[in-house]
Structures are given as C-alpha cells and as structure tokens.
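Q: I should like to learn how to read the strands and helices of a protein model. Could we work through this one together?

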Amino acid sequence: MSLNRKKVLVTNDDGIEGEGLKVLVDSLRNVCDVYVLAPDSNRSAVSSKITMGQKLTFHKHGEGVYSCSGMPADCVICALKSPLFGIEFDAVVSGINAGPNMGTDVVYSGTCAAARQAVLMGLPGIAVSLESELFDYANYGFNYKPLADFTANNLDELISLCDGEVFVSLNATSADSYKEAEFASGCIRDYGDNVSIQSEGEDLLSGQCTSDGLSVTGESNSDYNVARSGKIAVSLIYAEPVIKRAERSVKFKF
C-alpha cells in the first residue's frame, strides 16, 4: 500500500462475492489503495439497517479484504470505527450494484445506504449502480468494467462533489462504453406492490408481496432518462433527511 495514494473503502449490498464489487476493486486499485469490507451474502434492499445488540463476525479473504455478517451500513461503521484496518480512509465507494438505484430506489438501497453512512460519518460517499442491458431488474446482462473504469478515472472529481452534505449516486445502463455523464434529478418509481393473504390455519395467516409491474415517471433529466439515453447519471443526494418548513400553522389538541 502507498502512503501517497488515497485510501478507499469498498463495500456493497450484493455481498463479498458480487461480481460488480470485484470489477470495481480491480479498477480502483489502479488509482488508489483499496480496502474491502462487504456483507458476507446478499443484503439488497436493507436500506440503512444496522445490527444492534448482536455480535458481528468478520472473515478475512485476503490482505485488506473482509466480509461481515452485518449490513452495508454496518460495514462502513465497522471499517471507520474499529481497529480492523487501522487506517484513516479518504472515501467510501459502494457497488457496483447489480441493478439500478434510481429515484425512489434510494430509499431502500443498501448500496446507497453505505454511501450515505460514509457522509454521516464525515467522509465522501459514492454509490455506483448498473442497470442490465435488458433493463429494470434483470438478473444478467451486466458489463461492469466501463462503469468501474469511469468511477476510478474520475475518483477525485466524484469525491470533490461530496461537500459534507451529499453523497454521489451513479447510475448507468450496461454498455460497452460511455461517452458522456450528466447531472440528474431523481425519478419516481412505483413498484406496483400487491400483497396476497392466505390462511395457514387457525389464527395464522401468510402474506406474499408481488409486483404488478414497475412504472417510472420523472423529468427529462431524471436519472432514469439519462441512464436510458446511454449516459452516466450523476445525482447528488442529501445524506441527512431534508425537513420541510411548515407553510401554515396548526392548532394541535392536547
């Protein structure tokens, strides 16, 4: 490891065996010192969940590479607040997620939660997500390397966008190359949730959540539209909740 290069923590929510993580690590190692702490299995859609009241276990996979029994946010907290690595990090990069994290997805995404946690702890956070060439939430059709190379080649620029309030979220649709990146707003995604309820016996019910189909709306410069146009969508997302000022008075009852 070099004393002069940035020290970057890489994590994800797809787990330590995620192909996107491996490709991202390979690209980043060309420009910075990389350390890995990722969940030991898939933790997709866990949002910012953290493990409370339970021990976490860590498994070493190589020099500076560990998996964790916890969540993506746990990985960031443990890397920054424990002696596991024994260094001070310059940034956290999360991904590359196998699937988009656009607009409403950010609420649920473990990938974005790790980048958010970094900002909450005073470090730049970058979330990287790739939509399949087959679109939406397909299970294959991912060419991670072009987006990984973009992240590595622009690491300093991406870090500079993190002003202490926002994390950077990158989204792209899988392609052989990219020629343009564009700042993007967030789309609104309706997952078409539908929950069926069945009786499993006396006083016992079971439920199954399914989707009636995804629908997406948003401005022309939304992350969805930018990524679908073949560009890399760059979104700046506040880490802390944004509180809306009340526009009228309310007489509460006590």
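A: Let us begin with one pair of strands, bearing in mind that this is a predicted model. Strand β1 (residues 7-11) and strand β5 (residues 91-98) run parallel and are joined by four bridges. Within this pairing, Val 10 stands opposite Val 93 of β5.

Q: Which helices lie against these strands?

A: Helix α1 (residues 19-28) lies across β1, β2 (33-39) and β5, and runs at about 140 degrees to β5. Helix α4 (residues 110-120) also packs on the sheet, where it touches β1, β5, β6 (125-131) and β7 (166-173). The direction of α4 makes about 170 degrees with that of β6.

Q: In what order do the strands of the sheet follow one another?

A: Strands of a sheet pair through backbone hydrogen bonds, in either a parallel or an antiparallel sense. Here nine strands form an open sheet with mixed pairing, ordered β3-β4-β2-β1-β5-β6-β7-β13-β8. Its edge strands, β3 (58-62) and β8 (181-183), each pair on one side only. On average, neighbouring strands of this sheet are turned by 25 degrees against each other, direction ignored.

Q: How do β10 and β11 pair?

A: Strand β10 and strand β11 (residues 204-211) pair in the antiparallel sense over eight bridges. One bridge partner to locate is Cys 209 in β11, which belongs to Val 195. The two strands form a hairpin with two residues between them, and Asp 203 in the turn has a positive phi of about 60 degrees.

Q: Why is β10 said to lie largely in the open?

A: Buried means under 20% relative accessible area. Of the nine residues of β10 (residues 193-201), the number buried is zero, so this strand lies largely in the open.

Notes. Residues numbered from 1 in each chain as written. Predicted model: local features only at pLDDT ≥ 70, side-chain atom pairs only at ≥ 80, totals over all residues. Heavy atoms only, no water. Pairing = 2+ DSSP bridges. Axes fitted to C-alpha atoms, helices over the stretch in contact; angles between N-to-C directions. Contact = heavy atoms within 4.5 Å. Buried < 20%, exposed > 50% of the residue type's maximum accessible area, 1.4 Å probe, protein only.
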